[in-house]
Amino acid sequence: MSIAKAQVLIVEDEPEIAELIEFHAERAGLRARKVHSGRIALEVIKREKPDLIVLDLMLPDLDGLEVCRRLKQSEETRNIPIVMVTAKGEEADIVAGIELGADDYVTKPFSPRVLMARLRNVLRRGSVVEEPAANADRLVLLDGKLIIDLDRHEVLCDKVKIDLTLTEFGILHVLAARPGFVRTRDQIIGSVHGKNTVLSSRTVDVHVTALRRKLGALSECVETVRGVGYRFSEGAIEED
Ligand code: CA
């Protein structure tokens with residue numbers, strides 16, 4: 001999906017924030033429309049099938065998580081990417097939203113640059129439901145500095161093979177399959193579990209620490225998203 005002319009629906013009850021998002025979206029070449037309630041959003045989305053939804057979580061009638069749940073339950077709307085807009089301290093809601101299938105989030109007050117980077121990323125890669133990298137046999141990341149060979153179960157770091165445990169490999173794979181997208185610990189456990197060992201939230205953190213140590217100079221690509229989970233970062237987006 002190209003950025004230009006993509007249709008974005010902004011679901012936000014605070015007029016100044018809705019206008020700010022609209023302004024930056026239109027400046028980036030998107031077509032934007034605003035609605036101020038969850039119920040109206042569901043009607044408009046069903047009718048117009050926007051390419052992207054920017055969804056505030058605190059809405060007067062139907063909250064953002066419920067809107068997200070309904071959209072992801074419906075065959076017609078489940079592939080439309082969702083970027084949540086949240087307030088500080090709403091980490092539990094962010095986790096819930098991502099596990100419901102929202103693709104990303106920004107926290108208020110957000111910088112327009114971060115917001116637009118997130119929207120672009122989501123538009124470029126489509127919704128999480130499609131799992132685009134699932135069939136690839138190798139992932140080439142960080143301008144070729146990191147190569148994950150899924151057939152051979154090998155990781156090359158600056159052309160040097162590094163030895164990862166099955167769990168470390170699984171965690172790196174689930175994150176790197178969708179760079180820029182946060183995965184919660186439960187999602188990581190869900191993806192890696194069964195392939196080898198039983199994981200808990202706490203052991204995910206331990207494995208990530210070991211994984212980072214083995215990645216050496218590339219360790220910063222596995223980014224901690226405090227209170228939410230982990231993200232594979234190509235260094236393009238910085239929260240400020
Ligand atoms: Ca609100």
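Which residue in strand 2 does Val-8 stand opposite? The residue is Ala-32. This is a predicted model, and the report starts from that pair of strands.

## The open sheet

Strand 1 and strand 2 run parallel, with 5 bridges joining them. Val-8 and Ala-32 stand opposite each other across this pairing. Both strands belong to an open sheet of 5 strands. The order is 2-1-3-4-5, and the pairing is parallel.

Two strands form the edges: strand 2 (31-35) and strand 5. Each of these pairs on one side only. On average, neighbouring strands of the sheet are turned by 20 degrees against each other, direction ignored.

## Helices across the sheet

Helix 3 lies across strand 3 and strand 4 (82-87). The angle between helix 3 and strand 3 is about 150 degrees. Helix 5 also lies on the sheet, across strand 3, strand 4 and strand 5. Helix 5 runs at about 170 degrees to strand 5.

## The calcium site

Which residues coordinate the calcium ion? They are Asp-13 (OD), Asp-56 (OD) and Met-58 (O), at 2.1 to 2.3 Å. Along the sequence, these donor residues follow the spacing D-x42-D-x1-M. Asp-13 sits in the loop between strand 1 (7-11) and helix 1 (15-27). Met-58 sits in the loop between strand 3 (52-56) and helix 3 (64-73). The pair therefore ties together parts that are 45 residues apart in sequence.

Are these two donors buried or exposed? Asp-13 is partly exposed, and its relative accessible area is 30%. Met-58 has a relative accessible area of 57%; that is over 50%, so Met-58 counts as exposed.

## Backbone features in two loops

Where is the cis peptide bond? The bond joins Lys-108 and Pro-109, with omega at about -5 degrees. Pro-109 is placed in the loop between strand 5 (104-108) and helix 5 (112-125). Strand 5 is an edge strand of the sheet, and helix 5 lies across strand 5.

Another loop, between strand 6 (138-141) and strand 7 (146-149), holds Leu-142. Asp-143 is in the loop between strand 6 and strand 7 too. Leu-142 is not a glycine, yet its phi is positive, at about 50 degrees. Asp-143, also a residue other than glycine, has a positive phi near 55 degrees. Leu-142 has a relative accessible area of 15%; the value is under 20%, so Leu-142 is buried. For Asp-143 the relative accessible area is 81%, and this residue is exposed.

## Helix 6 against helix 8

Helix 6 (residues 166-176) packs with helix 8 (residues 201-215). How are the two helices set against each other? Their axes are 9 Å apart, and the angle is about 85 degrees. That angle falls within 65 to 115 degrees, so helix 6 and helix 8 are roughly perpendicular to each other.

Helix 6 brings Thr-167, Glu-168, Ile-171 and Leu-172 to the contact. Helix 8 meets them with Val-204, His-207, Val-208, Ala-210, Leu-211, Lys-214 and Leu-215. The residues of this contact divide into 7 nonpolar, 2 polar and 2 charged.

Notes:
Residues numbered from 1 in each chain as written. Predicted model: local features only at pLDDT ≥ 70, side-chain atom pairs only at ≥ 80, totals over all residues. Heavy atoms only, no water. Donors = N, O, S within 2.8 Å, 3.2 Å for Na, K, Ca; no water. Helix = DSSP H or I, 4+ residues; strand = E, 2+ residues; numbered from the N terminus. Buried < 20%, exposed > 50% of the residue type's maximum accessible area, 1.4 Å probe, protein only. Pairing = 2+ DSSP bridges. Axes fitted to C-alpha atoms, helices over the stretch in contact; angles between N-to-C directions. Contact = heavy atoms within 4.5 Å. Parallel < 35°, antiparallel > 145°, perpendicular 65-115°, else oblique. Nonpolar A, V, L, I, M, F, W, Y, C, P; charged D, E, K, R; others polar.
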